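Let's take a walk through this structure together. Keep the sequence and the model side by side as you read.

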Amino acid sequence: MAHDVFISYASGDKLTADAACATLESAGVRCWIAPRDVTPGVDYGGAIVEGIRGSRIMVVVFSAHANASQHIKREVERAVSHGLVVLPFRIENTLPTASLEYFIGSVHWLDALSPPLESHLKELQDF
């Protein structure tokens, strides 16, 4: 099944990623998010790549956790190589490392730095 949005996040940002997923899905946007959409018994890395291939947009929950994650870097690289629009959803005032800046430094970001998070999730939903 194809998805509209692949949600990429570091494990330290799971609560925000789950909230973004719930907000988008309540508006009828089909999301792919791990580990929920990884079929038991399937190769995890392969499932991630298939999830990216089957999506149109990648939302990256961007934070210091994401910046330090090797998995996020690989997911973003795969998304760019498959022609997905990558939308960083920045939840902390941090700049991307050089390896992430290469892929997301020139794209439009949605900043969710000031509370409440819900208002920023609504903005994400409307994007």
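**A guided tour of the chain**

We begin with N67, whose place is in helix 3, residues 64–68. Bear in mind throughout that this is a predicted model. With a relative accessible area of 9%, N67 is buried, because buried here means under 20%. What does N67 contact once its neighbours within four places in sequence are left aside? The partners are F62, K73, T94, L95, P96, T97 and L100.

Now step back to the whole chain. Its secondary structure comes to six helices and five strands, and reading along the sequence gives the pattern β-α-β-α-β-α-α-β-α-β-α. The radius of gyration is 13 Å, close to the 14 Å that the globule rule gives for 127 residues, so the chain is as compact as a globular protein of that length. If you draw a box along the principal axes, the C-alpha atoms fill roughly 40 × 35 × 25 Å. Of the 127 residues, 45% count as buried.

How do distant parts of the sequence come into this picture? Among the contacts with a separation of 6 or more, 66% are between residues 24 or more positions apart. On the outside, the accessible surface of the chain comes to about 6600 Å², and carbon and sulfur atoms account for 56% of that. As for charge, there are 10 positive and 15 negative side chains, and the centres of the two sets lie 4 Å apart.

Let's go inside, starting at the N-terminal end of the tour. F6 lies in strand 1, which spans residues 5–8, and at 1% relative accessibility it counts as buried. Not counting residues up to four places away in sequence, F6 touches W32, I48, G51, I52, S55, I57, M58, V59 and E75. For a sense of distance, the C-alpha atoms of F6 and E101 are separated by 19 Å, and these two residues are 95 residues apart along the chain.

One of the partners of F6 is V59, which makes a natural next stop. V59 is found in strand 3 and is buried, with a relative accessible area of 2%. Setting aside the neighbours within four places in sequence, V59 is in contact with V5, F6, I7, S8, L87, F89 and L124. The C-alpha atoms of V59 and V76, 17 residues apart along the chain, are separated by 9.5 Å.

The contact between V59 and L124 leads us on to helix 6. The buried residues of helix 6, which covers residues 117–126, are H120, L121 and L124. They cover an arc of only 105 degrees around the axis, which puts them on the same side of helix 6. What do these buried residues pack against? Their partners are helix 1 (14–26), strand 3 (57–62), strand 4 (85–90) and strand 5 (110–111). Turn to the face of helix 6 that points away from its buried side, and you will find the exposed residues E118 and D126.

Strand 5 deserves a visit too, through L110. At 5% relative accessibility, L110 counts as buried. With its neighbours within four places in sequence left aside, L110 is in contact with L87, P88, F89, R90, E123, L124 and F127. L124 therefore turns up again here, having been listed among the buried residues of helix 6. The C-alpha atoms of L110 and C21 are separated by 15 Å, with their positions 89 residues apart along the chain.Finish the tour with two peptide bonds. A cis peptide bond joins A34 and P35, with omega about 0 degrees. The place of P35 is in the loop between strand 2 (31–33) and helix 2 (44–53). Is P35 buried, exposed or partly exposed? At 46% relative accessibility, P35 counts as partly exposed. Not counting residues up to four places away in sequence, P35 touches Y9, K14 and Y44. The C-alpha atoms of P35 and R56, 21 residues apart along the chain, are separated by 19 Å. The peptide bond from P115 to P116 is also cis, with omega near 0 degrees, and P116 lies in the loop between strand 5 and helix 6.

Methods:
Residues numbered from 1 in each chain as written. Predicted model: local features only at pLDDT ≥ 70, side-chain atom pairs only at ≥ 80, totals over all residues. Heavy atoms only, no water. Helix = DSSP H or I, 4+ residues; strand = E, 2+ residues; numbered from the N terminus. Rg over C-alpha atoms; globule rule 2.2 N^0.38 Å. Buried < 20%, exposed > 50% of the residue type's maximum accessible area, 1.4 Å probe, protein only. Contact = heavy atoms within 4.5 Å. Areas by Shrake-Rupley, 256 points an atom, 1.4 Å probe, with all protein chains shown as cover. Lys, Arg positive; Asp, Glu negative; His and termini not counted. Charge placed at Lys NZ, Arg CZ, Asp CG, Glu CD. Arc of directions from axis to C-beta.
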